[in-house]
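Dear colleague,

Please find below the structure that I am handing over to you. A summary of what was found in it follows directly after.

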Amino acid sequence: MNVEDLIKSFRVGYDKAGLTIYVIPRENVTSITRDAGYAFNNEDIQLYGTRVILHLPCNGIIYGRYLTHINNELKGLFVVITENNCDISISWYEEGIDVKTHVKSNEALIIIVRLMRIKPHRIKPSSYALRIMRALGLSGRLLYSDTNNEIQVFGIEGGLIPSFQGNCMSEFIIKQWKLIFDECGFIVKVISDNDNILLIGGVNTMVIKQYYPSLDKWYELSRVTGFRNYLVVLEG
């Protein structure tokens, strides 16, 4: 979805603390309002997966949530159309936001809410992950780590790789993480306290996804490639 094209002829705009609002001509949203939406009738509605509340003293339909990635942020986009002219209030009490806007019957209200930040960062292995590498007699290169080192993925360059047995699999889910393989891969799982160590063999490319309950969606974090064996360290 190209948000810039959607809002290029907006009449009213508002932007504060992760909440962005536009009033635009209704014909601009024709392509994204073809599916069934939620019909409202003089009620208050909390936008799905957010703390934003709409006060709707009229009739109409809400469409969304559409996910869009803007400037290292994942955002949810909602569209509100009304049967008649309507004064709509938008509240996000935790952020001190309570704003009202007038929407005409030939217009659409666009509401964009920041769901999470995806900030680029320099990756550095944790001391715990390095100890695991030494204990297993492996050497390798860190390919991916999230900000808090909750998941770290290494490409294995040397050391004694154990023989993989059992059935291969195309994906593996553990906690809030999903690992998707380009080939049928083998996994050796070692659990120590609350930390998880996975040795993965027989794959070339691996996609790392995380599940976000508030979005009810698996979101791709990274894609690593170029090795046949990987070490995945999950902390916490």
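**Nonpolar cores and the strands around them**

The largest nonpolar core holds 23 residues, of which L19, L54, V80, I90, L109 and I111 touch the most other members. Two or more residues of this core come from each of strand 2 (19-25), strand 3 (38-46), strand 4, strand 5, strand 6 (86-92), strand 7 (97-103) and strand 8. Please bear in mind that this is a predicted model.

L109 may serve as an example from this core. Leaving aside neighbours within four places in sequence, L109 is in contact with I21, Y22, V23, F78, V79, V80, I88, I90, T101 and V103. Another core, of 20 residues, lies apart from the largest one; among its members are Y144, I174, V203 and L234. As a general point, nonpolar side chains in soluble globular proteins tend to be buried together.

**Strand 5 and its partners**

Strand 5 (residues 73-82) deserves separate mention. Since 10 of its 10 residues are buried, strand 5 is largely enclosed by the rest of the structure. From this strand, E73, K75, L77, V79 and I81 point one way, while L74, G76, F78, V80 and T82 point the other way; all of them are buried.

Strand 4 (residues 53-70) runs antiparallel to strand 5 and is joined to it by 9 bridges. Within this pairing, G76 of strand 5 has L67 standing opposite. The two strands, 4 and 5, form a hairpin with 2 residues between them, and N71 in the turn has a positive phi of about 50°.

Strand 8 (residues 107-117) is also antiparallel to strand 5, again with 9 bridges joining the two. Here F78 has I111, in strand 8, as its bridge partner. I111 is also one of the residues that touch the most other members of the largest core.

**Aromatic pairs**

The count of aromatic pairs comes to 3. One of them is formed by Y211 and W218, a tilted pair with 5.3 Å centre to centre and 50° between the planes. Y211 counts as partly exposed, at 28% relative accessibility, and W218 is partly exposed as well, with a relative accessible area of 25%.

F227 and Y230 form an edge-to-face pair, at 6.0 Å centre to centre and with 65° between the planes. Both rings belong to buried residues: F227 has 11% relative accessibility, and Y230 has a relative accessible area of 0%.

Yours sincerely

Note on methods. Residues are numbered from 1 along each chain as its sequence is written. This is a predicted model: local features need pLDDT of at least 70, side-chain atom pairs count only at pLDDT 80 or more; totals for chains, interfaces and linings use all residues. Side-chain values use heavy atoms; hydrogens and water are left out. Rings of Phe, Tyr and Trp (its six-membered ring) pair if their centres lie within 6.5 Å; planes under 30 degrees apart count as stacked, over 60 as edge-to-face and the rest as tilted. Buried means under 20% relative accessible area, exposed over 50%, partly exposed in between (1.4 Å probe, protein chains only). Two strands pair if DSSP finds at least two bridges between them. A nonpolar core is a set of buried Ala, Val, Leu, Ile, Met, Phe, Trp, Tyr and Cys residues joined through side-chain atoms within 4.5 Å. Contact means heavy atoms within 4.5 Å.
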